[in-house]
Amino acid sequence: MTTSKSVVSIGKIQSRILLIRGEKVIIDSDLAEFYCVPTKRLNEQIKRNKNRFTEDFLYQLSAKEKSEVDANCDHLSKLKYSKTLPFAFTEHGAIMAASVLNSKQAVEVSVFVVRAFIKLRRMIAGHKELARKISQIETRLAAHDEQLLSLVKAIKQIINPVQPNKKHRIGFKTKK
(Lines give C-alpha, C1' and ligand atoms only; values in the text may rest on other atoms or scores of the structure.)
Protein backbone atom coordinates (compact mmCIF):
# COMPACT_ATOMS: atom_id res chain seq x y z
CA MET A 1 0.00 0.00 0.00
CA THR A 2 0.97 3.63 0.00
CA THR A 3 1.72 6.00 2.82
CA SER A 4 -1.02 6.72 5.30
CA LYS A 5 -1.43 10.36 4.22
CA SER A 6 -2.70 9.36 0.77
CA VAL A 7 -5.27 6.84 1.97
CA VAL A 8 -8.59 7.83 3.52
CA SER A 9 -9.55 6.24 6.84
CA ILE A 10 -12.40 3.76 7.01
CA GLY A 11 -13.99 5.85 9.75
CA LYS A 12 -14.16 8.91 7.52
CA ILE A 13 -15.68 6.89 4.70
CA GLN A 14 -18.19 5.33 7.12
CA SER A 15 -19.30 8.76 8.27
CA ARG A 16 -20.06 9.72 4.66
CA ILE A 17 -22.18 6.67 3.90
CA LEU A 18 -25.84 7.68 3.93
CA LEU A 19 -29.09 5.75 3.91
CA ILE A 20 -31.19 6.90 0.96
CA ARG A 21 -34.10 4.95 -0.53
CA GLY A 22 -33.34 2.18 1.93
CA GLU A 23 -29.80 1.68 0.60
CA LYS A 24 -26.40 2.64 1.92
CA VAL A 25 -24.84 5.05 -0.57
CA ILE A 26 -22.07 7.61 -1.01
CA ILE A 27 -22.83 10.92 -2.75
CA ASP A 28 -20.74 11.68 -5.85
CA SER A 29 -18.93 14.67 -4.31
CA ASP A 30 -17.76 12.58 -1.35
CA LEU A 31 -16.64 9.73 -3.59
CA ALA A 32 -14.76 12.15 -5.84
CA GLU A 33 -13.03 13.58 -2.76
CA PHE A 34 -11.96 10.10 -1.65
CA TYR A 35 -10.68 9.28 -5.14
CA CYS A 36 -8.88 12.68 -5.35
CA VAL A 37 -10.65 13.79 -8.52
CA PRO A 38 -13.06 16.68 -9.12
CA THR A 39 -16.74 15.73 -8.95
CA LYS A 40 -17.14 16.93 -12.52
CA ARG A 41 -14.45 14.49 -13.74
CA LEU A 42 -16.06 11.60 -11.83
CA ASN A 43 -19.47 12.35 -13.34
CA GLU A 44 -17.93 12.65 -16.84
CA GLN A 45 -16.46 9.17 -16.50
CA ILE A 46 -19.78 7.83 -15.24
CA LYS A 47 -21.60 9.27 -18.26
CA ARG A 48 -18.96 7.88 -20.66
CA ASN A 49 -19.35 4.42 -19.12
CA LYS A 50 -23.10 4.50 -18.50
CA ASN A 51 -23.53 0.83 -19.47
CA ARG A 52 -21.43 -0.22 -16.44
CA PHE A 53 -23.70 1.57 -13.96
CA THR A 54 -27.07 -0.09 -13.59
CA GLU A 55 -29.75 1.23 -11.22
CA ASP A 56 -28.51 -0.98 -8.39
CA PHE A 57 -25.04 0.63 -8.69
CA LEU A 58 -25.95 4.26 -9.20
CA TYR A 59 -28.96 6.56 -9.23
CA GLN A 60 -29.53 10.27 -9.36
CA LEU A 61 -31.18 11.93 -6.38
CA SER A 62 -34.47 13.76 -6.78
CA ALA A 63 -34.70 17.46 -5.92
CA LYS A 64 -36.45 16.59 -2.65
CA GLU A 65 -33.75 14.05 -1.71
CA LYS A 66 -31.06 16.58 -2.58
CA SER A 67 -32.59 19.18 -0.25
CA GLU A 68 -32.92 16.59 2.55
CA VAL A 69 -29.28 15.55 2.17
CA ASP A 70 -28.23 19.19 2.10
CA ALA A 71 -30.23 19.92 5.26
CA ASN A 72 -29.05 16.85 7.20
CA CYS A 73 -25.38 16.70 6.20
CA ASP A 74 -23.29 19.73 7.01
CA HIS A 75 -20.40 18.64 4.81
CA LEU A 76 -22.74 18.57 1.79
CA SER A 77 -24.01 22.13 2.17
CA LYS A 78 -22.31 23.03 -1.13
CA LEU A 79 -24.98 20.92 -2.90
CA LYS A 80 -27.43 23.71 -2.23
CA TYR A 81 -25.76 25.83 -4.89
CA SER A 82 -25.30 23.06 -7.45
CA LYS A 83 -27.57 23.19 -10.48
CA THR A 84 -27.29 19.46 -11.14
CA LEU A 85 -28.74 16.69 -9.03
CA PRO A 86 -26.05 14.56 -7.37
CA PHE A 87 -25.52 10.86 -7.98
CA ALA A 88 -25.68 8.27 -5.21
CA PHE A 89 -23.30 5.30 -5.48
CA THR A 90 -24.00 1.98 -3.81
CA GLU A 91 -21.11 -0.18 -2.64
CA HIS A 92 -20.80 -1.83 -6.05
CA GLY A 93 -21.18 1.48 -7.84
CA ALA A 94 -18.32 2.98 -5.82
CA ILE A 95 -16.07 0.09 -6.85
CA MET A 96 -17.14 0.43 -10.49
CA ALA A 97 -16.36 4.15 -10.32
CA ALA A 98 -12.81 3.32 -9.22
CA SER A 99 -12.43 1.06 -12.24
CA VAL A 100 -13.58 3.71 -14.73
CA LEU A 101 -11.37 6.39 -13.16
CA ASN A 102 -8.41 4.07 -13.54
CA SER A 103 -6.13 5.99 -11.20
CA LYS A 104 -3.83 4.48 -8.59
CA GLN A 105 -5.49 6.53 -5.81
CA ALA A 106 -8.98 5.38 -6.85
CA VAL A 107 -7.96 1.71 -6.81
CA GLU A 108 -6.32 2.04 -3.38
CA VAL A 109 -9.24 3.94 -1.85
CA SER A 110 -11.81 1.54 -3.31
CA VAL A 111 -10.47 -1.12 -0.93
CA PHE A 112 -11.22 1.16 2.01
CA VAL A 113 -14.66 2.00 0.64
CA VAL A 114 -15.50 -1.70 0.47
CA ARG A 115 -14.20 -2.24 4.00
CA ALA A 116 -16.34 0.64 5.28
CA PHE A 117 -19.48 -0.84 3.70
CA ILE A 118 -18.62 -4.28 5.14
CA LYS A 119 -18.06 -2.81 8.61
CA LEU A 120 -21.45 -1.07 8.48
CA ARG A 121 -23.11 -4.28 7.31
CA ARG A 122 -21.60 -6.17 10.26
CA MET A 123 -22.70 -3.49 12.70
CA ILE A 124 -26.26 -3.65 11.37
CA ALA A 125 -26.23 -7.46 11.57
CA GLY A 126 -25.03 -7.19 15.18
CA HIS A 127 -27.89 -4.84 15.97
CA LYS A 128 -30.39 -7.23 14.41
CA GLU A 129 -29.03 -10.11 16.52
CA LEU A 130 -29.22 -7.95 19.64
CA ALA A 131 -32.80 -6.95 18.80
CA ARG A 132 -33.73 -10.61 18.34
CA LYS A 133 -32.27 -11.55 21.73
CA ILE A 134 -34.05 -8.65 23.45
CA SER A 135 -37.30 -9.78 21.86
CA GLN A 136 -36.74 -13.31 23.21
CA ILE A 137 -36.10 -11.94 26.70
CA GLU A 138 -39.23 -9.77 26.55
CA THR A 139 -41.29 -12.80 25.52
CA ARG A 140 -39.84 -14.84 28.35
CA LEU A 141 -40.47 -12.04 30.86
CA ALA A 142 -44.04 -11.64 29.65
CA ALA A 143 -44.63 -15.33 30.39
CA HIS A 144 -43.05 -14.90 33.83
CA ASP A 145 -45.25 -11.87 34.49
CA GLU A 146 -48.37 -13.91 33.77
CA GLN A 147 -47.18 -16.69 36.06
CA LEU A 148 -46.34 -14.23 38.85
CA LEU A 149 -49.73 -12.56 38.56
CA SER A 150 -51.51 -15.91 38.85
CA LEU A 151 -49.37 -16.74 41.94
CA VAL A 152 -50.21 -13.40 43.59
CA LYS A 153 -53.88 -13.95 42.84
CA ALA A 154 -53.73 -17.44 44.40
CA ILE A 155 -51.96 -16.11 47.52
CA LYS A 156 -54.59 -13.36 47.92
CA GLN A 157 -57.33 -15.97 47.73
CA ILE A 158 -55.62 -18.01 50.45
CA ILE A 159 -55.22 -14.97 52.70
CA ASN A 160 -58.73 -13.64 52.14
CA PRO A 161 -60.90 -16.60 51.30
CA VAL A 162 -64.21 -15.75 49.77
CA GLN A 163 -67.07 -16.69 52.11
CA PRO A 164 -69.67 -18.77 50.36
CA ASN A 165 -73.14 -17.27 50.35
CA LYS A 166 -75.55 -18.83 52.85
CA LYS A 167 -77.98 -20.93 51.01
CA HIS A 168 -81.63 -20.48 51.75
CA ARG A 169 -83.73 -23.50 52.14
CA ILE A 170 -86.42 -24.07 49.66
CA GLY A 171 -89.91 -23.98 51.02
CA PHE A 172 -91.77 -22.17 53.74
CA LYS A 173 -90.06 -20.61 56.66
CA THR A 174 -91.44 -21.19 60.05
CA LYS A 175 -91.03 -18.91 62.94
CA LYS A 176 -89.46 -20.41 65.97
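Begin at helix 4 by selecting Glu-65, Lys-66, Val-69 and Asp-70, which are the buried residues of that helix. If you turn the view until you look down the axis of helix 4, these buried residues fall within an arc of 135°, so they line one face of the helix. Keep in mind throughout the tour that this is a predicted model.

With that face still highlighted, add strand 1, strand 2 and strand 3 (58–60) to the selection, since the buried residues of helix 4 pack against these strands. Then look at the other side of helix 4, where Ala-63, Lys-64, Ala-71 and Asn-72 are exposed.

**Two residues of helix 4**

Select Ala-63, whose place is in helix 4, and which has a relative accessible area of 54%, so that it counts as exposed. To get a sense of scale, draw a line from the C-alpha atom of Ala-63 to that of Met-96: the two atoms are separated by 25 Å, and the residues are 33 apart along the chain.

Now move to Asp-70, which is also found in helix 4, but which is buried, with a relative accessible area of 15%. What is Asp-70 in contact with, leaving aside its neighbours within four places in sequence? Show the residues around Asp-70 and you will find Leu-76, Ser-77 and Lys-80 in contact with it.

**The salt bridges**

The count of salt bridges comes to 3, and one of them starts from helix 4. Select Glu-65 together with Arg-21, whose side chains meet in a salt bridge with an N to O distance of 2.8 Å. Glu-65 lies in helix 4 (residues 63–72) and Arg-21 in the loop between strand 1 (18–20) and strand 2 (23–27), so this pair ties together parts of the chain that are 44 residues apart in sequence. Is each partner buried or partly exposed? Glu-65 counts as buried at 17% relative accessibility, whereas Arg-21 is partly exposed, with a relative accessible area of 48%.

Next, select Asp-30 and Arg-16, where a second pair of side chains meets in a salt bridge, here at 3.0 Å from N to O. Because Asp-30 lies in helix 2 (residues 28–34) and Arg-16 in helix 1 (residues 10–16), the pair ties together parts that are 14 residues apart in sequence. Both Asp-30 and Arg-16 are buried, and for Arg-16 the relative accessible area is 13%.

Keep Arg-16 selected and add Glu-33, because the side chains of Arg-16 and Glu-33 also meet in a salt bridge, at 3.3 Å from N to O. This pair links distant parts of the chain, with Arg-16 in helix 1 and Glu-33 in helix 2, 17 residues apart. Glu-33 is partly exposed, with a relative accessible area of 35%. Shown together, Arg-16, Asp-30 and Glu-33 are linked in a network of salt bridges.

**The nonpolar cores**

Which residues touch the most other members of the largest nonpolar core? Select Tyr-35, Leu-42 and Phe-89, which have that place among the 27 residues of this core. Then colour helix 2, helix 3 (39–48), strand 4 (87–89), helix 5 (91–101) and helix 6 (104–159), each of which supplies at least two residues of the core. Helix 6 gives the most to this core, with 7 residues.

Stay with Tyr-35 for a moment and display what surrounds it. Not counting residues up to four places away in sequence, Tyr-35 touches a list of residues that includes Ala-94, Ile-95, Ala-98, Leu-101, Gln-105, Val-109 and Val-113. A second, separate core has 11 residues, among them Tyr-59, Val-69, Cys-73 and Leu-76. Two of these names have come up before on this tour: Val-69 is one of the buried residues of helix 4, and Leu-76 is in contact with Asp-70.

**The largest pocket**

For the last stop, select Asp-28, Thr-39, Asn-43, Ser-82 and Thr-84, which lie nearest the centre of the largest pocket, out of the 15 residues that line it. The elements that give two or more residues to this lining are helix 2 and helix 3, and helix 3 gives the most, with 5 residues. What is the volume of the largest pocket? The volume comes to about 240 Å³.

Key: Residues are numbered from 1 along each chain as its sequence is written. This is a predicted model: local features need pLDDT of at least 70, side-chain atom pairs count only at pLDDT 80 or more; totals for chains, interfaces and linings use all residues. Side-chain values use heavy atoms; hydrogens and water are left out. A salt bridge is a side-chain nitrogen of Lys or Arg within 4 Å of a carboxyl oxygen of Asp or Glu. Helices (H or I, at least four residues) and strands (E, at least two) are DSSP runs, numbered from the N terminus. Buried means under 20% relative accessible area, exposed over 50%, partly exposed in between (1.4 Å probe, protein chains only). A nonpolar core is a set of buried Ala, Val, Leu, Ile, Met, Phe, Trp, Tyr and Cys residues joined through side-chain atoms within 4.5 Å. Contact means heavy atoms within 4.5 Å. The arc is that of the directions from the helix axis to the C-beta atoms. On a 1 Å grid over the protein atoms alone, a cavity is a set of points where a 1.4 Å probe fits but cannot get out, and a pocket is an open set with protein on both sides within 12 Å along at least five of seven lines; lining residues have an atom within 4 Å of a point. Grid points are joined across faces, edges and corners, and a volume is the space filled by probe spheres set on the points.
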